Amino acid sequence: MATLNSTGTPAAFMHAADAVHGDLGTLQNNDIVICISHSGNTPEIKLLAPLLTSNKNLLIAITGNKSSYLATAANYVIDASVSKEACPNNLAPTTSTTVQMALGDALAVALINCRGFSASDFARFHPGGALGKRLYLKIADLVSTNQKPVVTPDDSIHKVIVEISSKRLGATAVIKNNKLLGIITDGDLRRMLEKKTDFAKIKARQIMNAKPKTASPQMLASEAFQLMKENNITQLIVMDNKQFVGFVHLHDLLREGIL
């Protein structure tokens with residue numbers, strides 16, 4: 001039932017014994033009933049099937065006995081018969097219940113195709129889980145919570161270090177006249193320290209990466225993670241119509257459970 005509900009087909013579970021003791025009141029005339037019974041001949045089934053027929057419900061049987069009372073009464077029959085249960089005594093429902101679950105999943109998938117149920121539809125029904133977030137959470141939902149580290153190309157290394165350290169994103173954008181020129185990460189600073197000993201005259205433009213990886217506010221967070229993963233980086237500069245918006249960091253994605 002959970003699979004049907006989560007993929008856009010409203011469904012509810014009802015035990016046959018409860019159905020014949022009042023729960024049938026939840027059924028409407030146009031409801032479809034999928035009745036699951038291995039034998040198809042239990043007392044509850046024999047009492048329930050005629051009631052469903054008189055109520056004009058479409059009855060689908062999933063049963064392991066094609067000649068059972070249920071199979072005879074149903075409008076449609078799905079054969080769930082098995083040659084033997086996995087139980088060593090061939091008694092406990094094991095193989096038969098697995099087959100019934102597989103058939104239920106097959107029905108759910110068929111309905112997904114018939115309804116044209118899309119990934120965006122799935123996201124609407126799973127807003128609280130990681131699966132849903134991968135399908136709807138956008139960079140715009142994350143970037144506004146971060147600070148915006150910025151330096152100019154002529155700023156000193158001291159200012160670059162202070163800006164990166166104070167904004168706590170491991171990087172800063174290099175911008176002049178509202179134009180993005182590059183990015184400086186803490187990794188760039190470490191590489192500079194390995195190569196140079198005199199830092200007094202070094203400017204931001206001398207160590208920046210002039211081809212930073214960027215993301216738009218409308219990019220999905222899951223796509224941003226994939227971009228970070230492919231380029232072995234931990235942050236992206238967010239740009240909207242060539243305007244610097246801010247940064248999104250790997251930690252933002254971890255916090256939202258995107259990974």
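In this predicted model, helix H5 (95-115) makes the largest contribution to the lining of the largest pocket, supplying eight residues. Five further elements each provide at least two lining residues, namely helices H1 (2-6), H2 (16-19) and H3 (43-54) together with strands S1 (32-37) and S2 (58-63). The volume of this largest pocket is about 1300 Å³.

A total of 40 residues line the largest pocket. Those that lie nearest its centre are Met-1, Ala-12, Val-33, Ile-34 and Cys-35. Sorted by class, the lining of the largest pocket consists of 27 nonpolar, 10 polar and three charged residues.

The second largest pocket has a volume of about 290 Å³. Its lining is made up of 17 residues, and Ile-183, Thr-185, Asn-209, Ile-233 and Gln-235 are the closest to the centre. Strand S6 (179-185), helix H10 (186-195) and strand S8 (235-240) each contribute at least two residues to this lining. Of the elements, H10 gives the most to the lining of the second largest pocket, with five residues. The class composition of the second lining is five nonpolar, seven polar and five charged residues.

The two pockets can be set side by side by element and class. In the largest pocket, the leading contributor is H5, and the lining includes 27 nonpolar residues. In the second largest pocket, the leading contributor is H10, and the lining includes five nonpolar residues.

Technical notes: Residues numbered from 1 in each chain as written. Predicted model: local features only at pLDDT ≥ 70, side-chain atom pairs only at ≥ 80, totals over all residues. Heavy atoms only, no water. 1 Å grid on protein atoms, 1.4 Å probe; cavity = no way out; pocket = protein on both sides within 12 Å on 5 of 7 lines; lining within 4 Å. Points joined across faces, edges and corners; volume = space filled by probe spheres on them. Helix = DSSP H or I, 4+ residues; strand = E, 2+ residues; numbered from the N terminus. Nonpolar A, V, L, I, M, F, W, Y, C, P; charged D, E, K, R; others polar.
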